[in-house]
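Got your viewer open? Grab the mouse and let's take a walk through this one, stop by stop.

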Amino acid sequence: MSETARNRLMLAIALIMAAIYLFPLYWMYVTSLKSGSEMFANPPSFWPSSAQWQTFAFVWESRNMSRYLWNSTVIAFGSVALIAVLGTGCAYVLARYRNVWVDVGLFLILMLQVLPASLMVTPIFVGFTQVGLLDYPRLAVILAIAAKSMPFFMVLVRATFMAVPMELEEAALVDGNSRVGAFFNIVLPLARNGILVSAILIFMQAFGEFVYSKSMIQDVSLQPASVGLNSFMGPNTSEWNNIMAYATMYVTPILAIFVLLQRRIVSGLTSGALK
Amino acid sequence: EDVKLTLWSLDRDIQPAPNLIKEFNAQKNGIQIEYRQIQFDDVVSEAMRAYSTGKAPDIIAIDNPNHAMFASRKAFLDLTAMIKTSTVIKPENYFPGPLKSATWGEKYYGVPKATNTIALYYNKDLFKAAGLDPNKPPQTWDELVETARKLNDPSKNVYGIAFCAKANEEGTFQFLPWAQMGGSTYKTINGEGAVRALSVWKQLMDDKLTSPDTLTRSQWDSTATFNAGNAAMVISGPWEIDRMLTDAKFEWGTALLPVPQEGAQRSSAMGDYNWAIFSNSKHPEEAFKALEFFASKDATMYKDFGQLPARADLPVPPTGNAVKDAALATFLEQMKYAQPRGPSPEWPKISKAIQDAIQAALTGQMEPKAALDQAAAKIKSIEG
Amino acid sequence: MTQQIELSGVNKYYGAYHALRDINLSIPKGAFVALVGPSGCGKSTLLRSLAGLETISSGDLVIAGERMNDMPPRKRDLAMVFQSYALYPHMTVEQNLTYSLRIKGVKKAEAKKAADEVAAITGLSDLLHRYPRELSGGQRQRVAMSRAIIRHPKAFLFDEPLSNLDAALRVHMRKEIRALHDRLGATSVYVTHDQVEAMTMADHVVIMRSGVIEQQGRPLDLYDRPANRFVAGFIGSPAMNFIPGKVTRNGREIVLDLPGSHSLAIDLDLPPDHAVLVGIRPEHVRIATQGERGFDVPIAAVEFTGASTFVTTDTMPEIVFVLNERSSLKIGETIRLTFAPENVHVFDAKTEQRLGLKD
Amino acid sequence: MTQQIELSGVNKYYGAYHALRDINLSIPKGAFVALVGPSGCGKSTLLRSLAGLETISSGDLVIAGERMNDMPPRKRDLAMVFQSYALYPHMTVEQNLTYSLRIKGVKKAEAKKAADEVAAITGLSDLLHRYPRELSGGQRQRVAMSRAIIRHPKAFLFDEPLSNLDAALRVHMRKEIRALHDRLGATSVYVTHDQVEAMTMADHVVIMRSGVIEQQGRPLDLYDRPANRFVAGFIGSPAMNFIPGKVTRNGREIVLDLPGSHSLAIDLDLPPDHAVLVGIRPEHVRIATQGERGFDVPIAAVEFTGASTFVTTDTMPEIVFVLNERSSLKIGETIRLTFAPENVHVFDAKTEQRLGLKD
Amino acid sequence: MRRIFASVRDGRGFDIVLVGVPFAFLFALAGLPLIYNILMSFQEVDMFSLGSFIRPFVGIDNYVALFKQPETWPILTNTLIFVVGSIGGQFLIGFGLALFFWTNFPGASWLRGLFLVSWVMPGLVVGAIWNWILSGDFGVLNFFLRESGLITANIFWRSDPSFSLWAVVIANVWLGTSFNMILLSVGLSDIPGDLYEAADMDGANAWQRFWTITLPMMRSTIGAIIALGLIFTLQQFDLFAAITDGGPNNSSNVAQYWAWDLSFRQYDFGRGATISVIMTVFVMFAAAVYVRSTRHEVRG
Ligand SMILES: Nc1ncnc2c1ncn2[C@@H]1O[C@H](COP(=O)(O)OP(=O)(O)OP(=O)(O)O)[C@@H](O)[C@H]1O
Ligand SMILES: Nc1ncnc2c1ncn2[C@@H]1O[C@H](COP(=O)(O)OP(=O)(O)OP(=O)(O)O)[C@@H](O)[C@H]1O
Ligand SMILES: [Mg+2]
Ligand SMILES: [Mg+2]
C-alpha cells in the first residue's frame, strides 16, 4: 500500500471514530438549535427542523454570560498558575531522586486526592470561614481547586520529567548554571510537552469547576459560568436548547484553543528529540 | 443605615422570591434584602453548613419535608408569638397540610410559601382513539390499570401511564398518597393499603404499561413523555400546566388521583416550600416583616408566577384559559386532601427507606410486602 | 608551581560498587594530564567527581587551594566534554555553544562571535543552525567539544572528546586543544583511549585500573619504565610482548620460555630460579640478521596497516612485532627473531611489579 | 561470487540536504567492507539505509538478490551496532543481549548460554545484571556490540563499534569480530575512524566524502594508489605530505616548491609547466645521509608516541615524518630530508586526481 | 542566611523548598479536610456540629452500623466493578487511540485534539446528554442499536438493574478516554526513536515492539494515568446523579455516590464520612501499587 493510500485510510478511520466519539458534542450543538420539545421526539431528530440561531444571542444577553465567563477565566488562570508554580518544582524533585522519601511523597500525594469535592467542600468551607477567606471567594475557590488538582498535576508532570536525561541537567551545571538556572533553562523546556498538556487539562477542569464555586461564591457577580449554568438547570427545566446554547458558548472556544495548542505540543519538538 | 437581610431560596428569576425581594427593596423601608439562588439539591446542605459556621442567612425557603429537621433542633426561629400579633399572617388562612409542615411541637417555625400537589393528567385524543370516554377518567386503581392497559400501544411507542418511582424524594412524593389512600401512613408503611398500592405499581411495571425508565426518571421528564404523546396518562403536579399548554399537541384533561376503591378516602401529596427565619438571625423582627410582605402577595402568586399559594382563604382567580382553569380546579380540589410528609426531623432517612422499598419491589428483587416490611422496620429504628 | 587540583584519599561508591579506590592525585596549574585505563576503570567517574556531578564518598578534593567536596559544579568553573555529549536537544548548535556564555551574561553579539570562532576551529560553521538530532555522530562530538572550549574556565575536563572523529580531524583537534590549553594557561584533564593522543598531548599521564591509579608520570617515563605488567601492557600499541622466564642458577641470566631456548644476560639482583616475566615491545623485536643468535618461530599472521606491518608468531605466548616496510613474510614460514637485552623489561611473575634498579 | 548487497544510484535527502549522492556499491557475500570518511560524510546514513532505518530517496537497494527498498528492517535479517548504542534502558545487559533471541523464540536457557558466551568475549560477564545507566561509556559500547554479534544474521552493520574502547580491548575485539565474520560467513559493513582497523580487518575499503564514494578497493591498493588527493590524505596516519610542484620545461622533472629546490625525475607524460601536487607519506621521508641530496628544513615540533617519533617541519607546507627511534632532534634545528622518487604520488594541482600510468 | 540562600540555589535546599512549600499547602488544604473526614467517621455528627472538631465520640459505631446495612456489600461490589470496568475501558480505548494517532497521518493532530471534548464539556451537560442517549424509550443509543439490528427490544440502560451500572460505565469510559489518550500520546512521544530502530533491527515486529519497548518505557506514564484514573473514577459523581441516581434499587450505586447521598440527602454525615474512609482504603491500595510501580521506571 502506498503512503498516501495508507494515510487516507487512517484518516477515514479516524474520522469515523471521531464522529462516534464526538456524538455528545454534536448532540449538544443540535439541541442548542432545536426548539421546544423537539428534544424528546421519537425517533430522535438528528437535524434541527429550523435552526434557532437567536437562542445564542438570547442566552448570552439574558444570562449575562460575559461576566460568568470572565469569572471562570479568572478562576481557571488563578488555579493553573498556582498549581503550575507549586506543582512543577515538586514533581521535578520527585522525579529526580529515587528513595524512600519520594515513595512516601508520592503515596501521600495520591492519598490527599481521595475525597471527592462534594465531601471536601464542607471541611474546607468550615476552615475558610474561620480564617476569613470566604470574604475573597474567588481566591478561596482558587486555593481549593489548587489543592484538589495539584496532585493530579504533580503525578503527570513527574512522569514527563522522568523522560528528561539527568545528564543534560549536569551539563548545564558544569556550564556554570545554578540548580535553579538549569531547572529553568534545560529541564523545564524539555519537559514542556507534558507540563503544558497537564496544565491545559487542569485549566479545563478549573474552567468547569462547580462544587466549590457553588458553595463558596455566594455573590452572583463573582460566580463562574458553571454555577451560572447550574442555576438554570434545576430538576424542572425545559430550556434544554438554552442550556445547550449556554454550554456551547462555554465549551467551544476552549476546545478550539486546545485543538490548536495540542497540535503544536504533542506533535512538535518530539520524535526522539531527547538524546 | 439600612438593615441588611440575606435570603436564600431556589427560585429562579421568573419565580416569586427574587421578584418579591425586588418589590420589597423598592419600598425603601429601611430593610434591604440580598438574594442568593441555590439549587434544589443544595438548599439543605448549604443551609446546614452556613448555620453551623454562623454564616446562615436570615431567611430561607425550605422544602416542607425538611422543615422539621431544622425546627426540631431550634435552628429556625419560633414565630408563634410574632404570628399571634401579626395582621397579615394568620394560621387559619392556610391549608392545614402546608401549615402542619411548618409546625413543630404545636409551634410555628415558618410560613408556607406556596404549595402544590399531584393529580392525574390524561390524553383525551388517545382516549378517543382507544374507544374510551374522554370525560370519564379512571376513578379507582383497578380502573386506572385497566385504562392504562387499553391505552398502551407499544407499536406506536405509547405507554398507558407515566409516573415517577425514582429513588429520591420524588418517588416518596408520588407513592405516599397512594399508601395514604390505602389507609397507611409513613409510620405504618407496611399496612395492607400500602402493600396493595405498591402491588398496583408493580403490576403497571411488570405489564409494561409504564416505561421501565419510571424507576430512574424524574417527574418532569416523565411528564415530557406524556407531552410528546408517548404516554397516555401521567401523574404530576400543577407546575406542569404551562409547559403542557405549549408542548402538548393534543387535548388533555385532569382528574383527581384514583382511589383504591370507590368511596375510599382521598389523599394527596403536598409539595413546595416554606419560609423560615434562622434562629441566629440578628434581625428577626425585620425578617418577619419581610415574610409578612411576601404573604401579602399571596393573592397574585398564581397570576404572577404560576404557583399556588397555600391559602384556603384566597380564591385562585380564573385565568381565562379554560383548559388551564379546569386543571387548576382539579388541583385545588386535590389540595384539600394534601398531607405533608412527616413532619419528622428524620424525614430524609424515612423517605429513603420508602424509596428503597419501592425500588426493591418494582425491580422484582423483593415482594411488595417484604419490601415494605423492611422499610417499616427501618423507619421504626430511625424514629427510635 | 601551585597545585591546581588535588585529590587525597578519594573513594567513590555506586551503591556497593567501589568505583574509585583511594585516589591520590595532584595536578599542577597549567598541566595537561591524560587519564587512561581500560574501559570501566573509573575515568569518567573521576572526571565527574572533579566536576562535582558525583559526590565523592570519602576523601578530599581541593581545587585552587579550596576544599570543593560540596561545592556546586557551577562554582568550580570547569568546562567538561561529556562522553555521551549531553547536548541540549532543544537548542541549535549555536545555542548549545553559547549557552554557558549567555548564563554568564555575555552580550549576544559577543557570544555569537565566540561561537563563530569556535565553530571554525571544529568545522561546524555550516551547522550552527542545526539541532543536535540533525547531526552525525562526529558532528555531535564536535559540538560537545566546542561547547567546552568556548569558555575560558580554570580547568578543562575532556572525556574521550575525539573518539568519533577521523584521523585527520583528530590530529587537527589535538593541536587546537593543546594550543588552547597553552594559550589560556588552563589545567586540563583528558580521558582518552588513543595512545598517540595520550603520549603526544599530555605532560603527565595517569593510568588507572579498576578504580586504582596504577602509575602516573611523564608519558615517555611510563613508556620506558612501566611500574608493572599492567601498565607495560596497556601503554603502547601493539602491546608489549610478555615472555615467561626463569633466572638461571647463577642469577645472572634469564632463560626464556620460548623454543630455541633464548637467554638474556641481566643486570638485576635476583635469586636463582626466580620466575619472571620478560616484556619486550613489538618495535624492539626484529628479524635476526644472518648468523645472529635468536629464536626460531613460525608466523601466524601478517597484517599490513599501510605504513607498517604487524606480524604475529604462532607460539605460546604469541609474539607480535612490527616491520616498517611492506613485508613478504608468509603465514607458516619460520623466522628467527631477536631483540636487544637493553630493551627488555623484567617483571616479577607473581607480583607483576617491575624488577629493576631503584629509581 | 554472488553479490550480497548491491546499491545502485542511491540518493538520500534529509529535507534539502543531500546526504548520499548517487551511491553505487556492490558487496560480495562474505566480504568485510570498511566504510571510512570524514565526520558527517554520510557513513551512518548509508548504514542506516542498508538497515532500512532510512528510506532512500531514489535508487535501488538489493540484498541477496531481492529489491529491499521498502522492506521493513526486521525482515532484512541484519544486525547493527548503532553509533549511539541505542541500548534498551529498561532492560539489563543480559536482556539487551538476548532480546533478539527472545523475539525469535529461542529458549530461555539457550539464550542465556549465548549471552554468557558473548559476554565472555566482550568482557561483560560481571555486568550482565546491570542496567545501561549503570555502565561506563565503553561498557555500553560493548553491550551494543554484543547485541549484534549474539545473532547470526545475513550481514553485520557496525557503526564505529570500538571507538570508546582502549587499545588492548580494541585489538582483542578486532580479532573476535573478524573471527566471527569468518565463522558465520556473514557479510559485514564496518564504519570506523581507526586507520589500523580499516586496513587490517577489511577485505575492501570504501572511502566517502560529502555523500560521494571517492574510491573503493583493497586496503593496500588504496594506500598505494590513492585515486585523488583526498583519498591519499585521508588514508594513512600521520597523513601524507603534499608539496606543490611544477613540471620543468623539458617535462621530465618536477620542481618542488620547497627551500633547497629539490627536484624529482618523473616517468609521466605531462606537459611542461603543469602544476602538480606531490604526495609523500611520512614514513617515506627520511633524514638524508651525509652528503646526500635533499632539502634543508627547520624543525617545528617533535612528538614522541613511544614507539615512534613524529617530526613536523617549520615550512609551508609543513612536512611531517616519522622516525622509528627516540630522536634527539630539537625544535629549531635544521635538518636535511630526502625521499625516494618511487614513493612519490603525483596529483594534478587543479583536479587533484592522481596522475600516472593507466592501471 | 547566605548559606541557606546558596543551598536553595545550588543544593539540597533547592529540592527541599520545591517539595516543602507544595506539601505544606496540600497538607493544609487537602490533608486537614481528610483528617476532618476521618475524625467524623468516629463521631456522631449533625448539622450543628459541622463547624467544630469536638463532637460526641462513638468509636466504631458508624462502621458497625454501616456494615449491618444490607446494601453495603452490593454497593462496594458495584464500586469495584465500576472502577475496574471504567478504567479498563478508558485505558484500553485511550491507548488504542493514542497509538492510532501516533502513526501521524495528516490530520491526526487535529482530530486528536477534538477528542478532548469529554474533558471540556461541563459535567452537568455531559450527564444530561448521556441521560438522553441512554434513555430507554427514545434514547439515541437504542435507536442506533435497533437500526443496526443488534437488538430487537429496547434496552433500558438506566432502569434495568442488570444494565444500569454498565450504563454509567459506558458514559464514564467516554468521559475518561480522552484524558488517557492525550497523556499517553505525550508519553509515546517521549520514547527515543532509536530504541524502536534497534528493536526493529533485532527482528521485533510491531506487536513485539509494543510489548517490549513501548509498554515498559511508558511505565511511569501508565502508572500515573491508571492511578489518577482510579481516583477520578472513584470521584465520578455527576454521571450517577444525571443518569441513574444510583438506582434502580442501588443496582448502580457506588461508594462515592452513596457517601454523598448519606451526607447530603439523609444528612447522616458520620456514616457518609465512614464510607469515604473506606474509599480511602481503596485508594491506599492503589497508591501503594503506584508507588511500587515507580521502582521500575527508567529515568531518561
Ligand atoms: N535529520 C537530519 N537532518 C539534516 N541533516 C542530517 C540529518 N541527519 C544527518 N544529517 C546530515 O547528514 C550528513 C551525514 O550524516 P551521517 O550521520 O551519515 O554522517 P557520518 O558519516 O556517520 O558521520 P560521523 O562519522 O560523524 O558519524 C551529516 O552532515 C549530517 O549533518
Ligand atoms: N550508576 C552506577 N551504578 C553502578 N555502577 C556504576 C554506575 N556508574 C558507573 N558504574 C561502574 O563504575 C565503573 C567506572 O565507570 P566509569 O564510567 O568511570 O568508567 P570509565 O573509566 O569512564 O570507562 P569507559 O572508558 O568505558 O568510559 C564501571 O565499571 C561502571 O560499570
Ligand atoms: Mg567513561
Ligand atoms: Mg556516523
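The tour goes from a metal ion to two ligand sites and ends at some strands. Keep in mind along the way that this is a predicted model.

**Stop 1: the magnesium ion**

Select ligand 4, the magnesium ion, and show the side chains of S44(D) and Q83(D) as sticks. The OG atom of S44(D) and the OE1 atom of Q83(D) coordinate the ion, at 1.8 to 2.1 Å.

Now colour chain D by secondary structure. Which part of chain D holds S44(D), and which holds Q83(D)? S44(D) belongs to helix α1 (residues 43-51), while Q83(D) sits in the loop between β6 (78-81) and α2 (93-104). The pair therefore ties together parts that are 39 residues apart in sequence.

Next, switch on the surface. Is S44(D) buried or exposed? It is buried, because its relative accessible area is 17% and the cut-off for buried is under 20%. Q83(D) also counts as buried, with a relative accessibility of 17%.

**Stop 2: ligand 1**

Hide the surface and select ligand 1. How many residues surround it? There are 20, and the closest are R130(C), S136(C), G138(C), S44(D) and T45(D). You'll recognise S44(D) from the magnesium ion. Colour by chain here: residues from chains C and D surround ligand 1, so the site is shared between chains.

Try drawing some distances:

- From a nitrogen atom of ligand 1 to a polar backbone atom of E134(C), you should get 3.2 Å.
- From an oxygen atom of ligand 1 to a backbone N or O atom of C41(D), the distance is 3.2 Å.
- From an oxygen atom of ligand 1 to an N or O atom in the side chain of E160(D), it is 3.3 Å.

How much of ligand 1 does the protein bury? Taken alone, the ligand exposes 640 Å², and the protein buries 90% of that.

For a wider look, highlight α4 (137-149) of chain C and α1 of chain D, since each supplies at least two residues of the shell. Sorted by type, the shell has four nonpolar, 11 polar and five charged residues.

**Stop 3: ligand 2**

Jump over to ligand 2, where 19 residues gather round. The closest are S44(C), T45(C), R130(D), S136(D) and G138(D). Chains C and D both contribute, so this site is shared between chains too.

Bring up the side chains of Q83(C) and E160(C). An N or O atom in the side chain of Q83(C) is 2.9 Å from an oxygen atom of ligand 2, and for E160(C) the matching distance is 3.4 Å. On the chain D side, a polar backbone atom of E134(D) lies 3.2 Å from a nitrogen atom of the ligand. On its own, ligand 2 has 630 Å² of accessible area, of which the protein covers 90%.

Here the elements to highlight are α1 (43-51) of chain C and α4 (137-149) of chain D, each giving at least two residues to the shell. That shell splits into four nonpolar, 11 polar and four charged residues.

**Stop 4: strands in chain D**

Finally, show chain D as a cartoon and pick β1 (residues 3-14) and β2 (residues 17-28). They pair antiparallel over eight bridges; one bridge to find is L7(D) with L25(D). Two residues separate the strands in this hairpin, and G15(D) in the turn has a positive phi of about 60°.

Which other strand does β1(D) join? Five bridges link it to β4 (residues 58-63), again antiparallel. Look there for S8(D), which stands opposite D60(D).

Definitions and conventions
Residues numbered from 1 in each chain as written. Chains lettered and ligands numbered in written order. Predicted model: local features only at pLDDT ≥ 70, side-chain atom pairs only at ≥ 80, totals over all residues. Heavy atoms only, no water. Donors = N, O, S within 2.8 Å, 3.2 Å for Na, K, Ca; no water. Helix = DSSP H or I, 4+ residues; strand = E, 2+ residues; numbered from the N terminus. Buried < 20%, exposed > 50% of the residue type's maximum accessible area, 1.4 Å probe, protein only. Near = heavy atom within 4 Å. Polar contact = N/O pair within 3.5 Å; in protein donor to acceptor, adjacent residues only side chain to side chain. Areas by Shrake-Rupley, 256 points an atom, 1.4 Å probe, with all protein chains shown as cover. Nonpolar A, V, L, I, M, F, W, Y, C, P; charged D, E, K, R; others polar. Pairing = 2+ DSSP bridges.
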